[in-house]
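Biologist: I'm new to this one and would like a close look at a single part of it. Could you take me through the hairpin and whatever sits around it?

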Amino acid sequence: MLYEVRFRCNHVHTMALTGQVEERTRKIAQYNQMLCPECRAQYTTSHIREIPRFRAFAVPANLMP
Ligand SMILES: [Zn+2]
């Protein structure tokens, strides 16, 4: 069953919800507290630091004396 769900970021997405009525109501309430999938993806990308930078200090084994 497809539902139009409003997320915390105020975006509305059509979500496929399954299960009993209580289960679906619970999921919708949960979604209301969450960022939509797009905003969540954006949030994750913007919060990832440049971790590979640290790898620059690693010396390849064949260059070790
Ligand atoms: Zn959103």
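Modeller: Here's a walk through the hairpin, starting with the whole chain and then going residue by residue.

Keep in mind as we go that this is a predicted model. The protein chain has 2 helices and 2 strands, and if you read along the sequence they come in the order β-β-α-α. So the two strands come before the two helices. As for burial, 0% of the 65 residues in the chain count as buried. Looking at contacts between residues at least 6 apart in sequence, 50% of them join residues at least 24 apart.

Now for the hairpin itself. Its two arms are strand E1, residues 2-6, and strand E2, residues 12-16. They pair in the antiparallel sense, over 5 bridges. If you want to see how they line up, pick out Glu 4 and look across to Thr 14 in E2, which stands opposite. Then do the same with Val 5, which has His 13 in E2 opposite. E2 is hardly covered, by the way: among its 5 residues, the count of buried ones is 0.

Between the arms there are 5 residues, and Asn 10 is the one to stop at in this loop between E1 and E2. Its phi is near 75 degrees, which is a positive value in a residue other than glycine. Is Asn 10 buried or exposed? It counts as exposed, because just 8 C-beta neighbours lie inside 10 Å, and a residue with 12 or fewer falls in that class.

From the turn, jump along the chain to Cys 36. This residue lies in the loop between H1 and helix H2 (37-46). Cys 36 and Asn 10 are 26 residues apart in sequence, yet their C-alpha atoms are 8.5 Å apart in space. Leaving aside neighbours within four places in sequence, Cys 36 is in contact with Phe 7, Cys 9, His 11 and His 13. You've met His 13 already, as the residue in E2 opposite Val 5. Cys 36 has 19 other C-beta atoms within 10 Å, so it is partly exposed; the cut-off for buried is 20 or more.

Next comes the helix that approaches the other arm, H1. It runs over residues 21-33, which makes 13 residues, and it reaches 19 Å from its first C-alpha to its last, close to the 18 Å expected. H1 is hardly covered too, with a count of 0 buried residues among its 13.

Two residues of H1 are good ones to click on. Ile 28 is found in this helix, and it touches Tyr 3 and Val 5, not counting residues up to four places away in sequence. Ile 28 is also 21 residues from Phe 7 in sequence, with 8.9 Å between their C-alpha atoms. With 15 other C-beta atoms within 10 Å, Ile 28 is partly exposed.

The other one is Lys 27, also in helix H1. The C-alpha atoms of Lys 27 and Val 5 are separated by 9.6 Å, although the two are 22 residues apart along the chain. Lys 27 has 16 C-beta neighbours inside 10 Å, so it counts as partly exposed.

To put the picture together: E1 and E2 form the hairpin, Cys 36 makes contact with residues including Cys 9 and His 11, and Ile 28 in H1 touches Tyr 3 and Val 5.

Terms used: Residues are numbered from 1 along each chain as its sequence is written. This is a predicted model: local features need pLDDT of at least 70, side-chain atom pairs count only at pLDDT 80 or more; totals for chains, interfaces and linings use all residues. Helices (H or I, at least four residues) and strands (E, at least two) are DSSP runs, numbered from the N terminus. The expected span of a helix is 1.5 Å times one less than its number of residues. Two strands pair if DSSP finds at least two bridges between them. Two residues are in contact if their C-beta atoms, placed from the backbone, lie within 7 Å.
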